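Student: Please take a close look at one single part of this model with me. I would like one connected answer that I can follow with the structure open.

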Amino acid sequence: MGVRGWAAWIGTTVALVAAPAQAQVAVATEPSAEERAREKENEASALVNLVRYGGSGLYFRGTRLIGYGSRKPYHGVSGGLDIAGAFFLVKSAPWFGFEIGLRFGAVLLDDDDGPDGALESALLAAPARWHGALPGSFVLGLGGGVSRPRPAWLSAGVGAYPLALARLRLWPSRVVSLHAQWRFTPVTTDLIDDLFVQNHEVEVAVGWKALQVAARCRIDEVKGGDPERTYRGLGCGPFVGMALYW
């Protein structure tokens, strides 16, 4: 074999050896800056945007203020429709968002009845979001709202109040979701005979695709009267509706 023959054979061998290595390098090439930014943006906006609507009911009972400081048991039911949305849509600040919710229905108290409704909004922050085997998110919120009084026996008309919330969501699979939420509304107003009112509401939900079923419990506390006492109420009930995440 001449010099040219050996040179051709060596060139062919080198090409055959280098081809797989080049293919491997091409596969292992890191994504571009644009692809990394898009992936980061998608991860930042996952599992926090929500539109939810459905029907809820509540049975409640407790003690109410009568006269200047005496107690009287009460009970009742309420029901209505809930519509809420939470949005993290600003690309420059993907960890912050807002939500707005509307509830309207009716309350049937043991000795009275009337409309029940609320309009609420809050600023949200998502300090933790994660992917992996059990993806999820943790959201905090501060805001306020206007509503009929809670508990219903206050009969103080429509009032304004602040609210705080914490929300945890987990996704055991692509079609199953878990949702837990705590809401706190402290209200101090001289319009209700110098009473201090606060409400705690806890919700635990399970979702399958867009369907969501939840159990809600609410604790009402009213302090005041003469002598000053604490009047508590407890309510529990279901929520059934549709929850759309993206």
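**Around strand β4**

Tutor: Let's begin where β3 and β4 meet: these two strands (DSSP runs of E, at least two residues, numbered from the N terminus) form a hairpin, and three residues lie between them. This is a predicted model, in which local features need pLDDT of at least 70 and side-chain atom pairs count only at pLDDT 80 or more, while totals for chains, interfaces and linings use all residues. Residues are numbered from 1 along each chain as its sequence is written, and side-chain values use heavy atoms, with hydrogens and water left out.

β3 covers residues 96–109 and β4 residues 113–130. Their pairing (at least two DSSP bridges between two strands) is antiparallel and extends over 13 bridges. To find your way along the hairpin, look for F98, which stands opposite L123 in β4.

Now follow the chain onward from β4. Strand β5, residues 136–147, is also antiparallel to β4, and 11 bridges join the two. A handy landmark here is E120, whose bridge partner in β5 is G145. The hairpin of β4 and β5 has five residues between its strands, and in this hairpin G132 takes a positive phi near 115 degrees.

β4 also helps to line the second largest pocket (an open set of 1 Å grid points where a 1.4 Å probe fits, with protein on both sides within 12 Å along at least five of seven lines; lining residues have an atom within 4 Å of a point). That lining comprises 21 residues, and V107, P115, P149, A152 and W153 are the ones nearest the pocket's centre. β4 provides four residues, the largest share of the lining. At least two residues each come from β1 (50–66), β2 (70–87), β3 and β4.

How far should you trust the picture? The pLDDT (the predictor's confidence in each residue, from 0 to 100) averages 84 for the protein chain, and 79% of the residues score at least 70. Among the chain's elements, strand β9 (residues 211–224) has the highest mean pLDDT, 96, and helix α1 (residues 3–28; a helix is a DSSP run of H or I, at least four residues) the lowest, 47. Over residues 16–28 the pLDDT is below 50, and this stretch has zero contacts (heavy atoms within 4.5 Å) in the model beyond near neighbours in sequence. Where pLDDT is low, predicted coordinates should not be read in detail.
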